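Welcome! Take a moment to turn the structure around on your screen, and then let us walk through it together.

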Amino acid sequence: MGESNDDIDQMFSNLLGEMDLLTQSLGVETLPPPETRTTRTEFNYTVGFKDLNESLNALEDQDLDALMADLVADISEAEQRTIQAQKASAQNPPHLAPREASHFSGAAFLGSEADAPAARISYCEDAFPPPPADPVLDLPLPPPPPEPLSQEEEEAQAKADKIKLALEKLKEAKVKKLVVKVHMNDNSTKSLMVDERQLVRDVLDNLFEKTHCDCNVDWCLYEIYPELQIERIFEDHENVVEVLSDWTRDTENKILFLEKGEKYGVFKNPQNFYLDNRGKKDSKETNEKMNAKNKESLLEESFCGTSVIVPEIEGALYLKEDGKKSWKRRYFLLRASGIYYVPKGKTKTSRDLACFIQFENVNIYYGLQCKVKYKAPTDCCFVLKHPQIQKESQYIKYLCCDDARTLSQWVTGIRIAKYGKTLYDNYQRAVAKAGLASRWTNLGTVSPAIPAQPPAGRKPSPAQPNGQVPQAAHSVSAVLSGAQKQAEMTKVRPKRGSHVAYPTVPEESKLKHSGQRDTGGK
Amino acid sequence: MAGMKTAFGDYIDSSWELRVFVGEEATENESVTLRVTGESHIGGVLLKIVEEIKRKQDWSDHAIWWEQKRQWLLQTHWTLDKYGILADARLFFGPQHRPIILRLPNRRALRLRASFSQPLFQAVAAICRLLSIRHPEELSLLRTPEKKEKKKKEKEPEEGVYDLSKVTLAGGVAPVLFRGMPAHFSDSKQTEACYHMLSRPQPPPDPLLLQRLPRPGSLLDKTQLHSRWLDSSRCLMQQGIKAGDMLWLRFKYYSFFDLDPKTDPVRLTQLYEQARWDLLLEEIDCTEEEMMVFAALQYHINKQSQSGHMGEAAGTDPGLDDLEAALNNLEVKLEGSAPTDVLDSLTTIPELKDHLRIFRPRKLTLKGYRQHWVVFKETTLSYYKSQDEAPGDPIQQLNLKGCEVVPDVNVSGQKFCIKLLVPSPEGMSEIYLRCQDEQQYAHWMAGCRLASKGRTMADRSYPSEVQAILAFLSLQRAGGGSGGSGNHTQGLDATEALNPYGLVAPRFQRKFKAKQLTPRILEAHQNVAQLSLSEAQLRFIQAWQSLPDFGLSYFVVRFKGSRKDEILGIANNRLIRIDLAVGDVVKTWRFSNMRQWNVNWDIRQVAIEFDEHINVAFGCVSASCRTVHEYIGGYIFLSTRERARGEELDEDLFLQLTGGHEAF
């Protein structure tokens, strides 16, 4: 017991040392990796950290200034949070306190005052007196209460808790951070600090604040592979650091911040994907006419049921043959379980189909200028590859469509099949964000309002203990409850109108179908 | 009062004699004769009948059935005149609720009492309340298909019929949960067993039975089923159903509202069963890859339902559930901190080190497997020439995160290989690891699987993953029939043995050998192995719903102006016109564009008007046009449901939308 307590103390002081180190290094404008490098043996991981150093060194002065400003903001925010937490701890049941506290130290581990982390840790220990019994047990116990824990058990429990606490702290300290250079529309770049818990949505929100753009739903992070000539939209729920850690050290890949209508095109005009009669003329006309009510009902039907409906997309595509520059035309079908093709001499019934690819391990990209590069029949190509593959390889699949409309249907269809309901959730969050932003602009009090708000989704919510991927939902909902209410309204309202035949069928005609009027026959 | 007489016994009022048979239809053993007038109320007549019978019995469920008019006389305040009843009317005084045998979606038979006098819609609602299935509007009853006469010699295995005919429900009150089941099931052992049958998935069917059962060979065959639906607006009696008849209970409308594993165990299970049988009997087609997932889910669900009995029964109270989970957690933590090297056990990640044979397929090499010293740490695999060189640089190092792990195992041949497709910036690299025995294989395989998902062997699921792999290996040995005598097989139930043929549609039985199917099913299983019973059932239903042909009910119709029969498919949101010969979709109409529809009952034609003056009319060939009409109206009714409205059903609206001219 005594020995392991010493161990814990040892760990705490290590932690402190590490933080000191960090704060010092901040002064010389480079961030050493937040954990000891010697333990790292896999190249894949070290890449990220080297990048961090290199990218910081490579930063231009103004970038660095901006970054510093950011970090300072982080710190002051963290301080605020500490104060809040102290208040909260007065009200909250004690067992919540250590968890929260651990966050603040994590959030501020880049802090410039060396004493700050120390203060926090001591606070943690204060808030955690030698526990009488496990507090978690106290509350929900039904009668008859269990026998009180023996002294030994209590000690064991206390020890386990302390260890857990220490581990959480370590994990916090280990949070991987990357400096990401984001290319803007106007060829300028912005550098952002992204930690490994942040999702694309968080980074977008961050960029919204920095750029004062209109925050509409089309804004996205966009990944470009100049070498492979492929690119794709990052989905809002993807983890940025995870995606970037697949890049190689010498990569030319870039991240762009721009508006792409395709990102949520399916939610704006679902009829183009769900009701398209594959090239028939009449479909195009009717599609343009679809009113908002019907669109909502179509979305509701496709995305809000027990399972998401994947649009029925099928047709002949050209497939680039492995390792060659020749293209073979085949009939492909999209199903929720993957892309299938019709083997030679077979029909397109389910039982005859052969599986071409399933989506679990691949991402979907647009292919650029495949006509020149691979002698593709058209430039409307999409590419499926494992996210880790960065060089040309026979494992990258290239498919070519006849026209841009087909391409967008396939790409969107595959995204729906791959991500399912998540895509719709992302969209609704984006709408909520955009709605809030536009309200702020309308109020005319934009500039003071924005900084006052805690940056949405940047910090893990207190409910999450050890730096796991935070769900943007929490943070967003905290800030945007108003806007979300609005979004929900829009979600609910059309529902009434959506039920088509019954409500739109006039009252008499409901009776009419009984055949009374019609009995004479025609 | 009717029956005023003179002193000589002649009747002097306008009364006449009415004969009423007592009992169910066609049992004419007992009858009473009453003296009535046209002004007598039905209520009075009922009272008189009971007086005449002079038997003490609860008559409250009895009512009069008028045979010629095929009608119940349920309006007790109506007079005989108002009903138009004369002395020649054949009336039966019988119970309104009579036993029927239901063939449930899980193919089990259940005897219960159903209302023969209410419209079927209400009768089904009452049945569903008894079975504790929410949203009864999604279900209906079908007639049993006629058995082919020539095959009657074939031995029909005696099957147990579950009995709920003695159970009655107090009206209006939501069933209370008692011991993890609705209170009315907990009366006796029999009813309890019945609830278990309803709420737990059945074991996979015998593959031989699967092959024997009729399967639709074409779209045309798939239309047959729909000719058997009973009419929702009329009662069972009116549709010629007799006491003791067998009827099928099925989900009719493929629009499942608010499916919730917590509150819907019976509904979820029965829906799963219907989906499963749909797939096994090829009512709905799927691809090979999809079938493997379905098979894996079935295997998993079966395993869960067999092992999870006790746990589920005990853990029905959500509060207790949480508590138990918390206690378990705590226990794990305490156990974990028991050894002295606490920190070690919590911080270090276990690693595997061993001699393995490795094979890397490359072009133009004939090299086979070579022995290497392999170290597996976190998610990274490194291999060295020999153990001595281990501190130095490895020959190669592979991060298995995101890799594909494929088992390549032949138990009887003692071949235990793991094929890894490891992504790297340059592409995928293929590598084979060959293990010496099952134990080694299981540990490395489990590590690879976790690593491919980015988790390490420190993950809590590692030991169970190892056990699962060992269990599979012994299954394969048992299934392969090579008479494995290892001690792993003995621990397993005979029921748990995997017969892949019971999990896939018969066409896959023809296509693959069991030995080929098993590894594929097991491979698919690793993606679902962590699901709980209800999650797995829900996943199964979702995958079923994701099939392109899901939820289509087919009818043979003749479109107005067309000379050939075509197929009309009705789904929850659209109608589709399908070429009968080719099977291609010719046209789709969505309900959202529908303005109105009419049925001309005389020429059996359904006419539908869509937006922009698109008019469609067709006559129904394979089923009555009432069924088609009811399907369309039913789906439109279902789309008006809203969460806010709760369980209340607007029955009038349903009947209005689905009923025929008799309804008015």
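**A walk from one buried strand outwards**

Start at B:Val606, which, leaving out residues up to four places away in sequence, touches B:Trp597, B:Asn598, B:Val599, B:Val616, B:Ala617, B:Phe618, B:Cys620, B:Cys625 and B:Val628. Keep in mind as you look that this is a predicted model. B:Val606 lies in strand β25 of chain B, which covers residues 605-610. Is B:Val606 buried or exposed? Its relative accessibility is 0%, so B:Val606 counts as buried, the cut-off being under 20%. You can also look across to B:Arg626: B:Val606 and B:Arg626 are 20 residues apart in sequence, and their C-alpha atoms are 9.1 Å apart in space.

One of the contacts of B:Val606 is B:Phe618, and this residue leads us to the largest nonpolar core. That core has 117 residues, and B:Phe618 is among the members that touch the most other members, together with B:Leu112, B:Leu131, B:Leu141, B:Trp544, B:Ile570 and B:Ile632. In soluble globular proteins, nonpolar side chains tend to be buried together.

B:Leu112 is a good place to pause. Setting aside neighbours within four places in sequence, B:Leu112 is in contact with B:Arg98, B:Pro99, B:Ile100, B:Leu102, B:Ile127, B:Leu130, B:Leu131, B:Leu164 and B:Ser165. There is also a second, separate core of 48 residues, and its members include A:Tyr264, A:Phe303, A:Val362 and A:Leu407.

Where do the two chains touch? Try B:Gln545, which, not counting residues up to four places away in sequence, touches A:Thr306 and A:Ser307 as well as B:Phe256 and B:Phe550. B:Gln545 sits in helix α17 of chain B, which spans residues 533-545. With a relative accessible area of 13%, B:Gln545 falls under the 20% cut-off and is therefore buried.

Now step over to chain A as a whole. Chain A has 20 helices and 12 strands, and buried residues make up 51% of its 522 residues. Among contacts in chain A between residues at least 6 apart in sequence, 64% join residues at least 24 apart. On the outside, chain A exposes about 24400 Å², and carbon and sulfur atoms supply 52% of that area.

Finally, find residues 176-263 of chain A, which UniProt lists, in an unreviewed entry, as "domain: Ras-associating". Over this stretch the chain is 19% helix and 35% strand, and the C-alpha atoms at its ends are 28 Å apart.

Conventions:
Residues numbered from 1 in each chain as written. Chains lettered and ligands numbered in written order. Predicted model: local features only at pLDDT ≥ 70, side-chain atom pairs only at ≥ 80, totals over all residues. Heavy atoms only, no water. Core = buried A, V, L, I, M, F, W, Y, C linked by side-chain atoms within 4.5 Å. Buried < 20%, exposed > 50% of the residue type's maximum accessible area, 1.4 Å probe, protein only. Contact = heavy atoms within 4.5 Å. Helix = DSSP H or I, 4+ residues; strand = E, 2+ residues; numbered from the N terminus. Areas by Shrake-Rupley, 256 points an atom, 1.4 Å probe, with all protein chains shown as cover. UniProt positions renumbered as here; feature names shortened; annotations may be inferred.
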